[in-house]
Amino acid sequence: MVTAGETIEEKRAQDFYQRLRASLDEWLKSREGRAYRFADYLLLLPDFLHLIIRLAIDRRVPTALRTQTAAVLAYVMLPLDLVPEGLVGPIGFGDDLLLVALMVRRLLITVPPDIVLTHWAGPAGLMDTIKTILDAAEEMVGTRVWKRLQRIIGGGQS
């Protein structure tokens with residue numbers, strides 16, 4: 001049910017968020033999930049999705065960045081991407097996480113950080129979390145995919 005002040009798009013995104021969180025939680029209980037080195041990073045994806053959904057509709061964010069943020073959200077929600085989850089399982093969320101982290105880093109550089117931080121519902125230390133994730137990027141998805149993700153956002157690693 002859509003509540004007052006909540007758009008249909010926000011409700012759909014919330015449902016996707018909840019399905020993603022449940023899927024990751026279930027996979028992380030499996031042997032493969034427990035053994036995956038970057039499992040803790042993947043657990044942050046729902047928090048990052050929540051953040052970019054909020055930023056995509058925040059009118060304090062310039063229109064061009066809101067549009068790019070919405071495009072990143074669409075990439076994550078579509079089943080086909082550089083590392084499709086349908087073929088490789090939840091490990092395929094690595095490219096989604098990295099793309100979202102790149103977008104959030106760009107937003108933190110471009111708009112006042114307090115705008116971004118007001119929407120962050122994840123653990124403390126957003127900037128350090130992004131740096132940690134991006135430092136592991138090549139190992140998570142390989143050099144070729146990492147370079148393509150950087151081109152999508154329009155910038156290399158700082």
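This is a short tour of the structure above, one selection at a time.

**The whole chain**

Start with everything shown as a cartoon, and keep in mind that this is a predicted model. The chain has 11 helices and zero strands, so every element you meet on the way from the N terminus is an α element. Now colour by burial: of the 158 residues in the chain, 46% are buried. If you switch on contacts and keep those between residues at least 6 apart in sequence, 67% of them join residues at least 24 apart.

**Helices H5 and H7**

Next, select residues 63-77, which form helix H5, and residues 93-110, which form helix H7. Their axes come within 9 Å and cross at roughly 170°. Angles over 145 degrees count as roughly antiparallel, and that makes H5 roughly antiparallel to H7. Show the side chains where the two helices touch. From H5, pick Leu 65, Gln 68, Thr 69, Val 72, Tyr 75 and Val 76. From H7, pick Asp 95, Asp 96, Leu 99, Val 100, Met 103, Arg 106, Leu 107 and Thr 110. Coloured by type, the residues of this contact divide into eight nonpolar, three polar and three charged.

**The nonpolar core**

Keep Val 100 on screen, as it also belongs to the next stop. In soluble globular proteins, nonpolar side chains tend to be buried together. Here the largest nonpolar core has 50 residues. Those with the most contacts inside the core are Phe 48, Leu 98, Val 100, Val 104, Val 116, Leu 126 and Leu 149. Helix H7 gives the largest share of this core, with 11 residues.

Centre the view on Phe 48. Which residues does Phe 48 contact, leaving aside its neighbours within four places in sequence? They are Leu 97, Val 100, Val 104, Trp 120, Leu 126, Thr 129, Ile 130 and Ile 133.

**Ala 137**

Move on to Ala 137, in helix H10. Is Ala 137 buried or exposed? Its relative accessibility is 0%, so Ala 137 counts as buried. Leaving aside neighbours within four places in sequence, Ala 137 is in contact with Leu 98, Gly 142 and Trp 146. Try the distance tool on Ala 137 and Leu 98: they are 39 residues apart in sequence, yet 6.8 Å apart in space, C-alpha to C-alpha.

**Three salt bridges**

Side chains of opposite charge can pair when their charged atoms come close. How many salt bridges does the structure hold? There are three, and you can visit each in turn.

- Select Arg 37 and Glu 139, whose side chains meet at 2.0 Å, N to O. Arg 37 lies in the loop between helix H2 and helix H3, while Glu 139 lies in helix H10, so the pair ties together parts that are 102 residues apart in sequence. Arg 37 counts as exposed at 59% relative accessibility, and Glu 139 counts as exposed at 53%.
- Select Arg 60 and Asp 58, which meet at 2.8 Å, N to O. Arg 60 is partly exposed, with a relative accessible area of 48%, whereas Asp 58 counts as buried at 8% relative accessibility.
- Select Asp 135 and Lys 131, which also form a salt bridge, at 2.8 Å, N to O. Both lie in helix H9, four residues apart, about one turn of the helix. Asp 135 counts as partly exposed at 48% relative accessibility.

Technical notes
Residues are numbered from 1 along each chain as its sequence is written. This is a predicted model: local features need pLDDT of at least 70, side-chain atom pairs count only at pLDDT 80 or more; totals for chains, interfaces and linings use all residues. Side-chain values use heavy atoms; hydrogens and water are left out. Axes are lines fitted to C-alpha atoms, for helices over the stretch in contact, and angles run from 0 to 180 degrees between N-to-C directions. Angles under 35 degrees count as roughly parallel, over 145 as roughly antiparallel, 65 to 115 as roughly perpendicular and the rest as oblique. Contact means heavy atoms within 4.5 Å. Ala, Val, Leu, Ile, Met, Phe, Trp, Tyr, Cys and Pro count as nonpolar, Asp, Glu, Lys and Arg as charged, and the others, Gly among them, as polar. A salt bridge is a side-chain nitrogen of Lys or Arg within 4 Å of a carboxyl oxygen of Asp or Glu. Buried means under 20% relative accessible area, exposed over 50%, partly exposed in between (1.4 Å probe, protein chains only). A nonpolar core is a set of buried Ala, Val, Leu, Ile, Met, Phe, Trp, Tyr and Cys residues joined through side-chain atoms within 4.5 Å.
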